[in-house]
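Open the model in your viewer and keep the selection tool at hand. The tour goes stop by stop.

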Amino acid sequence: MKSKFALPAAALFAATATGAFAADSDDPIIIPIHNWSSQIVMSHVVGQIFESMGNHVEFVTTDSQAVYESVRLGDVTLELEVWEGAFGASFDAAVEKGGIHAAGAHNAVTREDWWYPAWTKESCPGLPDWEALNACAAAFATPETGDKGRFLGGPVDWLKHDQERVDALGMDFVVVNAGSAAALWAEIGAAEKDKKPVVVFNWTPNFAEAVWPGEFVEFPEWVEGCDEDPAVGPNPDATYDCGNPATGYLKIAAWDGMKEQWPAAYDTLTQISFTNPQIAEMAKLVDVEEMEPEEAAAAWLEANPDIWKGWTS
């Protein structure tokens with residue numbers, strides 16, 4: 001579906017940029033792109049804001065874990081979605097080395113974990129308790145998993161440690177990794193037709209919560225250290241015997257040199273903060289309305305000037 005908003009950022013914001021801003025630097029601001037829709041659209045939203053300020057922006061496809069080393073070294077300039085559950089450890093490790101810092105945080109509260117659509121409760125009424133899910137494992141079995149249940153996890157590079165959790169909690173599930181976020185949505189959509197019980201990796205904020213009502217599985221509560229110290233959590237012999245943080249952060253990271261090289265853009269970056277509904281709307285423009293990311297970003301910016309224009313003043 002093509003959009004009437006398929007306009008270059010320079011054209012969309014000509015009135016804003018002309019005579020009002022000068023480029024911070026002749027060098028481009030490098031923004032990384034990953035493999036989920038909200039991050040891609042948000043990156044283009046922020047990129048188009050920077051371009052409206054007179055800056056040049058380039059996008060590069062980057063591994064979602066390795067990106068923090070790239071930011072630290074200045075190979076890319078920033079990262080707009082540092083999810084606590086998925087990337088907190090990689091971000092913290094890069095911060096300890098130096099060269100990268102948290103430039104801000106979104107108002108959004110995040111959660112990333114096992115999730116099921118509401119109809120799944122008909123086949124496993126004890127949900128959302130993880131032990132009830134495990135007792136219902138046979139209801140999720142497929143030919144490839146035999147008599148064990150199938151859990152469809154996210155792409156391997158998201159490093160969610162689902163297999164470690166299955167092992168630590170003694171679950172009768174086989175972890176199968178999806179190749180992309182789109183494959184997760186396809187799994188839910190296909191299951192909806194026959195109300196087939198499925199359990200997949202999901203997260204909030206994203207568009208899915210508005211399309212398919214559902215719930216997160218409630219594992220043993222996240223406690224600091226349960227992913228590193230076997231003594232923390234219910235299994236004294238294993239790590240990852242816990243769920244992911246239920247109220248995780250969503251930070252913005254920046255290269256330490258950004259403030260000096262692109263001072264106006266950096267000041268804008270420190271003011272950026274999106275909410276759960278705003279981020280979900282960005283993802284929806286791509287995942288439901290089938291816009292290209294650049295189109296979705298331009299549409300979102302045109303529809304929400306009161307949110308972002310004050311960040312550039």
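Start with a term: a crossing of two helices is right-handed if the near helix is turned clockwise from the far one by less than a right angle, and left-handed if anticlockwise. Keep in mind that this is a predicted model.

**Stop 1: helix 12 and helix 13**

Select residues 276–287, which form helix 12. Add residues 293–303, helix 13. The crossing of this pair, helix 12 and helix 13, is right-handed. Their axes lie 9 Å apart, and the packing angle is about 135°. That angle makes helix 12 oblique to helix 13. Now show side chains. From helix 12 come Gln-278, Glu-281, Met-282, Leu-285 and Val-286. They meet Pro-293, Ala-296 and Trp-300 of helix 13. By class, this contact of helix 12 with helix 13 has 6 nonpolar, 1 polar and 1 charged residues.

**Stop 2: helix 3 against helix 13**

Keep helix 13 and select helix 3, residues 37–52. The two axes, of helix 3 and helix 13, come within 8 Å and cross at roughly 60°. Helix 3 and helix 13 are therefore oblique to each other. Their crossing is right-handed. On the helix 3 side, pick Ile-40, Val-41, His-44, Val-45, Gln-48 and Ile-49. On the helix 13 side, the contact residues include Pro-293, Ala-297 and Leu-301. The contact of helix 3 with helix 13 holds 10 nonpolar, 2 polar and 1 charged residues.

**Stop 3: the largest pocket**

Which residues lie nearest the centre of the largest pocket? Select Glu-84, Gly-85, Ala-89, Trp-222 and Asp-227 to see them. The lining has 22 residues, and the space inside is about 450 Å³. Colour helix 5, residues 84–97: this helix gives the largest share of the lining, 7 residues. By class, the pocket lining divides into 8 nonpolar, 7 polar and 7 charged residues.

**Stop 4: the cavities**

How many cavities of 30 Å³ or more does a search of the whole structure find? The search finds 2.

The largest cavity has about 90 Å³ of space. Select its lining: Trp-36, Trp-83, Ala-86, Phe-87, Glu-112, Trp-158, Lys-160, Phe-201 and Trp-203. Helix 5 and strand 8 (199–204) each give at least two of the lining residues. Of the lining, 7 residues are nonpolar, none polar and 2 charged.

The second largest cavity has a volume of about 30 Å³. Its lining is Trp-36, Ser-37, Ser-38, Trp-185, Trp-203, Asn-206, Ala-283 and Asp-287. Helix 3 and helix 12, from the earlier stops, each supply at least two of these residues. The classes here are 4 nonpolar, 3 polar and 1 charged.

**Stop 5: backbone oddities**

Most peptide bonds are trans, and most residues other than glycine have a negative phi. Three places break with that pattern.

- Select Leu-127 and Pro-128. The bond between them is cis, with omega near 15°. Pro-128 sits in the loop between strand 5 (111–117) and helix 6 (130–135).
- Go on to Thr-204 and Pro-205. Their peptide bond is cis too, and omega is about 10°. Look for Pro-205 in the loop between strand 8 and helix 9 (208–211).
- Finish at Leu-159. Its phi is positive, near 50°. Leu-159 is in the loop between strand 6 (149–153) and helix 7 (162–169).

Technical notes. Residues numbered from 1 in each chain as written. Predicted model: local features only at pLDDT ≥ 70, side-chain atom pairs only at ≥ 80, totals over all residues. Heavy atoms only, no water. 1 Å grid on protein atoms, 1.4 Å probe; cavity = no way out; pocket = protein on both sides within 12 Å on 5 of 7 lines; lining within 4 Å. Points joined across faces, edges and corners; volume = space filled by probe spheres on them. Helix = DSSP H or I, 4+ residues; strand = E, 2+ residues; numbered from the N terminus. Nonpolar A, V, L, I, M, F, W, Y, C, P; charged D, E, K, R; others polar. Axes fitted to C-alpha atoms, helices over the stretch in contact; angles between N-to-C directions. Parallel < 35°, antiparallel > 145°, perpendicular 65-115°, else oblique. Contact = heavy atoms within 4.5 Å.
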